[in-house]
Amino acid sequence: MIKHSKTLILVLAFLLLFPYQAFAYKIVIDPGHGGKDPGAIGVNGLQEKVVNLDIALKLRELLQQKGYEVVMTRENDRYLTLAERVVLSDAANADLFVSVHANSFKSYNRGTMVLYYDNDYPQADYPASDRMKELSAYSKKLAQQVQSSFVNTVGTIDLGLTKSAVYVTRMGSVPSILIETAFLSNKEDAAMLADDAVRKKMAVGIAEGIAAFQPPVFVDTVGHWARDSILKVKDKGLVEGVNNRYEPDRSLTRAEFLTLMDRMFNFTTLSHACSSKTVTEDTYGCKSSPTSGLNTGFTDLPTTHWAYPTFAKALELTLIEGYEDGTIHPDAPITRAEVAVLFQRLLQAESAVANVNVPAGETQASMQNQASPSFFKDVPADLWSAKAIYELAGKGIINGMTAAEFMPHRSISRAEMAAMMDRYISKP
C-alpha cells in the first residue's frame, strides 16, 4: 500500500481546508480573594485582594504581549467561590491555570512558594479530579518554572514548591498552580508588595516562568487510552485539534471523516487513477462520476461549507452518496459501520493506484477466512457493512467495542478514528 508522506506545505494547505487553526495558548489568571473576602491583611494595612488583582492585571498585559490569550477570573473587586473559579477555567478551555496570592503566617516568615497538586501525595479528605491526577506531573513542572523565574527576577527567598490540596490546584482540568508571592505578615515582604515597581517585577517573574513551560499537546488527551495514537497521527500531519484540545470522545462528523481520509489517501490522486482504469461494479469506489465535483446539488452542503471541496472530490470518486431527500448531512456523526465501508473502499482504490491486482469480487467464504461473522454477535453476515467490517478486523485495522460486539450503528469517536488510522499507517 502507498503511504503518503506529509510535508509542511501540505499540512498548511490542509489547515486552510479544515476548521481548526493555529492557536495561542490560553492562560487563566486567578487573582485570589476579592469582594467580601479581603484575604490576608498586611502589617502595613495592605489587603491581599488588592495586591493579587494588581499583580494579576500586570501579568495579563505581559502575557498578551507575548501572544498568549488570557482569561481573568476577576478583573475587579468581586467575590468568587473557589468552585466558580474552577468552573470558569474549565469553561474557557484553557491550557494553564495560575492563581496569584500573597502569604501570611508568622512575622519572621519571608519568601515565595508555589503550590501544586501532586498525585504521589494524595489527601483522602481532599480528593482531586481525575484530570488533575493525570496532570500532576505537568503542574509540578509549571510550578518549578514559575518558582525559579520569580525568585531569580524579584530576588525573594526561595521557599520551594509545596504539595497542596487547595481547591483550585486539585479540581480543575489543566495544569494548575497557586503562587504565594511574599508574606504580608512580614514587614520587609509587605513593603515589597506595596511597591508598584516590585509588583511589576513579580508579574514579569511569573510571566517568564509561564513562557518557559510547554503545556502538554492536546491537554484533554492526557491519560486518555488513545493519546499515543492521537499524537502519532498528529505528528504525521493527519489530525489537528480545536486550539489545544483534541476532543477525543466527541463523535466524528462525516465532514471531518472525509477530510481525514483525503489527508491520508489523497482523493485527487485516486480520482486521476480511477479516470484511467476500468473497474467492475463490485469494486469498492474508484469510479468516475459525471458531477466531476462541480456542483453537488445537496441542499445542506452549500459551496461555502468548509468541507465542500472534499465532498466534491469524494462524490467524484463515488465514495459517498446522499439521501433521497437531497441532503448529505455533512455535520452529522458518522457511524462505525459507515467508517468501515468507506475506509475499505479507499483501501481498494489505493491498491488500484499502486497497480496491485485486487479481486473484483471476494466471496463470502474468503471474507470468513479473515474474520468469522460470529466474531461480532451484532454483525451478521447479511448486514450491509459486514464484509468491510470483517475485512478490516481481519487486517487488524478496526476493533470491536468489546470482544463480542462491534456496535455498527454507534457513532465513531475522534479517539477511535485516530487509533484506527494509527493501526493502518503503522502496518508494514
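**Figure 1. Contact of helix 6 with helix 7 in the predicted model.** On the helix 6 side, the contact is made by M192, L193 and A194. They meet D196, V198, R199 and M202 of helix 7. By class, the residues of this contact are five nonpolar, no polar and two charged. Helix 7 spans residues 196-211. Its axis and that of helix 6 come within 5 Å. The two axes cross at roughly 85°. An angle of 65 to 115 degrees counts as roughly perpendicular, and helix 6 and helix 7 are therefore roughly perpendicular to each other.

**Figure 2. Helix 6 on the sheet.** Helix 6 covers residues 187-194. It lies across strand 3 and strand 6. Its direction runs at about 110° to strand 6. Helix 6 thus appears in two views: here with strand 3 and strand 6, and in Figure 1 with helix 7.

**Figure 3. The six-stranded sheet.** The sheet is open, and its strand order is 2-1-3-6-4-5. Pairing within the sheet is mixed. Strand 2 (69-72) and strand 5 (158-163) are the edge strands. Each of these two pairs on one side only. From one strand to the next, the twist averages 20°.

**Figure 4. Pairing of strand 1 with strand 3.** Strand 1 takes in residues 26-31, and strand 3 takes in residues 96-103. The two pair in the parallel sense. Five bridges join them. Within this pair, D30 stands opposite S99 of strand 3.

**Figure 5. Helix 4 packed on the sheet.** Helix 4 is formed by residues 130-154. It touches strand 3, strand 4 (112-116), strand 5 and strand 6 (176-183). One of these, strand 5, is an edge strand. The direction of helix 4 makes about 170° with that of strand 4.

**Figure 6. The largest pocket.** Its volume is about 380 Å³. The lining consists of 15 residues. E338, V341, L342, R345 and W384 lie nearest the centre of the pocket. Helix 12 (336-353) and helix 14 (386-394) are the elements that give two or more residues to the lining. Helix 12 supplies the largest share, four residues. By class, the lining has nine nonpolar, one polar and five charged residues.

**Figure 7. Two loop residues with positive phi, H33 and N243.** Most residues other than glycine have a negative phi. H33 is not a glycine, yet its phi is near 65°. H33 sits in the loop between strand 1 and helix 2 (48-65). N243 is not a glycine either, and its phi is about 55°. The loop that holds N243 runs between helix 8 (227-235) and helix 9 (254-265).

Conventions
Residues numbered from 1 in each chain as written. Predicted model: local features only at pLDDT ≥ 70, side-chain atom pairs only at ≥ 80, totals over all residues. Heavy atoms only, no water. Pairing = 2+ DSSP bridges. Axes fitted to C-alpha atoms, helices over the stretch in contact; angles between N-to-C directions. Contact = heavy atoms within 4.5 Å. 1 Å grid on protein atoms, 1.4 Å probe; cavity = no way out; pocket = protein on both sides within 12 Å on 5 of 7 lines; lining within 4 Å. Points joined across faces, edges and corners; volume = space filled by probe spheres on them. Nonpolar A, V, L, I, M, F, W, Y, C, P; charged D, E, K, R; others polar. Parallel < 35°, antiparallel > 145°, perpendicular 65-115°, else oblique.
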